[in-house]
Amino acid sequence: MNLVDVAISILCLGAGSFAWLRWLRVAQREHYLPGAATQFALRWWNDRPANQMLGILAVCTAIASFWLPVVGILAAAIVAIGPLGLGVRGRTSPLNWTRRLRTLAILSGVASVVLVIIALLLGIGPLGAAIVVLLIPIIVDAADAILRPLEKRASEHFIESATDRILRIQPDIVGITGSYGKTSTKEHLTALLSGDRAVVPSPRSFNNRAGLARAINEHLSEGTEIFIAEMGTYGKGEIQELVSWCPPEIAVITAIGPVHLERFGSLDVTLSAKAEILAPASVAVLNVDDERLAELAGRLDATSTRIVRVGSHSREADVVVAVQGSEWNIEIAGETIGIIQAPRGLQPTNVACALGVALALGVDRRVLSQRVATLPSVEHRLTSTVAPSGVLVLDDTFNSNPAGAAAALEALEHAPITGRRVVVTPGMIELGHLQRSENQKLGSRAAAVADVLIIVGRTNARSLGLGAHEHSSCEIRRVRTREEAVAWVRTSLGDGDGVLYENDLPDHYS
Amino acid sequence: MGELAVLFGGPSPEHDVSILTGLQAARELASSGKPPLCIYWTKMGSFVLVDGALEASAFLEGPPSSATPLVLSVEEGGGFQSEGSSRRKASQRLAIDAVILATHGGPGEDGTLQAALDLAGLPYSGPTVAGAALGMDKLAFGAVIMSAGIPSLPRVALMKDLVAVPFEGPYIVKPRFGGSSIGIDVVADLEVAKARLTANTHLANGAVIEPYRPDLSDYQVAVRTYPSRQLSAIERPLRSGAGSGEILGYADKYVGGEGMASAPRELPALVSESRAKEMLALADRVAEVAGVRGVARIDYLANDDELYVNEINTIPGSLGRYLFIDPMVPFGELLSDLITEATSSPTHRYSAAGADGLVLRGAASIAAKLA
């Protein structure tokens with residue numbers, strides 16, 4: 001071990017710290033799912049020729065540092081700046097130094113340094129340093145795997161506290177899950193019930209284990225009669241765990257769709273993962289427009305669970321919100337209880353789910369038909385505003401899914417726009433093996449409705465473009481970031497034009 | 001010489017609005033060189049000390065992460081103490097001269113918090129225990145103003161054995177205690193009203209029934225009592241377009257970004273001079289008979305021919321600051337007067353005079369009393 005080796009190793013580690021921060025950020029943004037950093041690293045280094053070349057160069061120079069130590073610095077420098085396009089700081093999600101992240105940072109950082117020291121002692125300092133820096137995504141994932149059981153134990157305390165709270169306050173718990181529509185259904189249900197009961201919904205995005213415990217500990221006050229818990233999941237077993245300490249009396253499944261399909265693998269797995277919510281419930285509200293849920297309802301009829309079928313198309317459902325032109329026809333048990341102006345931007349099946357729950361909780365149906373007429377819209381779910389320039393802006397940027405995207409395009413089509421219609425979208429993600437086909441469909445539908453389609457980023461550019469080319473009347477533009485799209489909209493559109501912002505990808509997707 | 005404090009939040013439906021009012025007051029005091037201690041009362045009922053420069057969004061997910069837990073000690077010389085932890089110093093009592101209460105609804109506006117602060121010996125702005133309790137009880141307030149000869153719509157307690165309502169329908173049913181925007185129903189007749197008693201749990205603690213008069217418009221006036229009783233301009237709040245029925249809903253009043261201060265309104269209201277004079281005279285009398293202290297907001301129902309006092313809010317949204325436009329009372333002055341009133345106009349005076357031992361000396365054994 002000589003001083004030159006030590007100096008080179010330190011320089012490598014210094015450069016590597018940028019990579020370290022970058023992959024920590026990705027791990028955090030992906031909710032510390034096992035292997036997330038490594039998966040994303042592989043994807044990014046492969047996503048464009050420039051990155052592939054840089055990647056190969058980094059590996060070669062790392063190996064070469066065995067014979068010529070100083071080129072190890074080059075390898076480290078490459079992983080410090082690359083992969084191109086994935087910054088250290090991030091646009092949509094800068095590092096949030098939570099306790100969990102700090103612990104992960106310390107463990108992965110210390111592990112890296114220790115490995116380099118071992119390499120120095122073995123006489124291959126620069127080679128070791130270069131390799132360690134290249135392998136940082138794997139080190140971060142490994143450290144996370146080591147810490148996972150400890151994190152679980154630490155969160156136990158909050159789960160116990162939440163369980164005690166539930167036992168003491170004894171609210172009626174409504175659990176809502178589904179591939180999409182959870183938040184909207186929760187907000188509709190809150191609006192339908194608030195006039196009659198003390199309702200507390202779980203706050204936005206608090207839908208996993210830690211979030212639900214926090215929602216209960218910090219928002220479930222004494223005197224709460226109904227707690228609406230949104231339960232999200234990425235895989236089997238998660239909801240089963242949630243309902244073991246937060247058991248819902250009424251369970252709702254809003255839809256089964258190709259969302260997070262990469263993680264689930266197949267729609268059947270998605271269905272069984274979501275269906276875990278039904279175990280403790282005495283009432284199940286299912287959107288039977290979805291054929292998988294209709295089949296599930298049929299199977300459940302034989303059990304002691306009371307099934308409430310809701311939907312927009314199926315006529316034998318217990319609650320039907322049928323769309324007739326610009327009106328909604330609301331039927332309960334076959335009887336029309338109200339015909340209202342279709343509220344803008346709301347999905348009838350989500351409203352139907354909320355109605356199903358409200359009825360199961362005993363709210364009078366005439367009261368309900370009045371309240372449905374005045375349901376407020378859901379933020380970033382197809383809200384519309386008029387910009388100072390006179391451009392109508394439809395904001396549907398919160399987590400897109402195929403059904404929501406189709407509805408948004410319909411809204412753009414029917415909106416009072418005299419000028420040009422523009423769609424800005426990066427496409428949809430996490431659709432697994434359906435991602436290409438669904439984005440192609442989206443591109444095609446968008447081009448049918450819009451005069452200009454602006455494709456943001458690279459992730460779905462090809463599929464969107466393929467679909468859009470089916471309609472030659474639509475101009476296709478490609479930009480790298482949403483900011484560029486917004487800038488174009490600001491300069492090119494004016495009074496009478498309209499733009500739909502459909503979905504927004506976190507920036508660690510290119 | 002201690003500090004000023006602003007207290008906001010609390011376990012009530014108006015928790016979020018209270019955060020807005022409190023942060024506005026804290027900013028105003030800070031900008032005039034007197035940054036106050038900010039005490040946030042969580043939905044769970046605990047007290048924490050927070051940074052007054054925070055934005056409303058910092059409270060979205062619960063108490064801000066930088067909050068310091070406090071303990072309220074309700075004994076003479078008690079008050080708010082920051083909890084000690086083993087690593088740092090032992091618990092420390094916050095030296096507070098006066099607390100500006102920005103707590104809307106629930107225990108913050110019905111006398112509960114006021115009573116706790118009285119026991120702790122902390123001076124505070126706004127209503128006394130009695131004034132707050134009266135303001136929160138629609139039935140009692142209605143009875144008090146009626147007995148003082150102040151015009152108001154007839155209002156009776158809605159109970160399940162009520163045989164007949166002494167006025168014709170349709171009716172409005174409201175929770176007896178609580179704010180003016182949640183749990184309200186318009187019903188056609190007494191039978192439906194009684195059905196709502198069981199169906200609507202907001203009515204479980206008591207309900208009142210009044211005639212439903214959609215032909216009357218809402219008007220509001222604020223009144224403050226220090227240095228002397230002063231009335232604000234008259235306002236006619238407007239409903240948001242969604243058409244949530246004819247009654248001002250929670251969304252109409254509060255979902256505008258700055259709480260009450262940004263709700264749509266006609267200010268000053270377009271009323272005749274004689275009508276304005278009537279409203280102001282009534283406000284004065286209500287303030288007198290209801291024992292108003294601090295800033296209260298009086299709500300009326302009126303059309304061209306009729307004028308009624310409807311309700312009172314003893315801690316109104318944004319402390320009613322947007323109403324004092326003519327003559328203009330800047331927010332800073334409003335707050336500073338509230339503070340002076342808090343310290344110079346005491347809210348309670350407890351005394352054990354009269355318990356001089358006579359009864360104890362003359363008592364035989366307790367056992368004999370129980371035999």
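Which residues of helix H19 (residues 482–492) of chain A are buried? The close-ups below, all taken from a predicted model, begin with that helix.

**Figure 1. The two faces of helix H19 of chain A, buried and exposed.** The buried residues of this helix are Arg482(A), Ala485(A) and Val489(A). They sit on the same side of H19(A) because the arc they cover around the axis is only 90° or less, namely 60°. If the spacing of such residues looks familiar, here is a reminder: an α-helix has 3.6 residues a turn, so residues three or four places apart point the same way. Turn to the face directed away from the buried side and you will find the exposed residues Glu483(A), Ala487(A) and Thr491(A). The cover over the buried residues of H19(A) includes four strands of chain A: S12 (421–425), S13 (452–456), S14 (475–479) and S15 (498–502).

**Figure 2. Helix H12 of chain A and its packing partners.** In this helix, which spans residues 267–274, look for the buried residues Thr270(A), Ala273(A) and Lys274(A). Their arc around the axis is only 90°, so they lie on the same side of H12(A). The elements of chain A that they pack against are strand S1 (172–177), helix H10 (238–245), strand S4 (250–253) and helix H11 (261–264).

**Figure 3. The largest nonpolar core.** This core holds 106 residues, and Val174(A), Val285(A), Val357(A), Ala358(A) and Leu453(A) have the most contacts inside it. Helix H14 (residues 348–360) of chain A is the top contributor, giving nine residues. Domain 2 (170–373) and domain 3 (383–502) of chain A each supply at least three residues to the core. For a closer look, pick Ala358(A): leaving aside residues up to four places away in sequence, it touches Leu189(A), Leu192(A), Leu193(A), Val363(A) and Leu368(A). Apart from this core lies another, of 71 residues, including Val6(B), Cys38(B), Leu70(B) and Ala98(B).

**Figure 4. The domains of chain A.** The domain assignment divides the chain into domain 1 (3–150), domain 2 (170–373) and domain 3 (383–502). Between the C-alpha centres of domain 1 and domain 2 of chain A there are 43 Å.

**Figure 5. Where chain B meets chain A.** Here 13 residues of chain A are in contact with 16 residues of chain B. On the chain B side, the touching residues comprise seven nonpolar, seven polar and two charged ones.

Key
Residues numbered from 1 in each chain as written. Chains lettered and ligands numbered in written order. Predicted model: local features only at pLDDT ≥ 70, side-chain atom pairs only at ≥ 80, totals over all residues. Core = buried A, V, L, I, M, F, W, Y, C linked by C-beta atoms within 7 Å. Buried ≥ 20, exposed ≤ 12 C-beta atoms within 10 Å, placed from the backbone. Domains from an automatic or database assignment. Contact = placed C-beta atoms within 7 Å. Arc of directions from axis to C-beta. Nonpolar A, V, L, I, M, F, W, Y, C, P; charged D, E, K, R; others polar.
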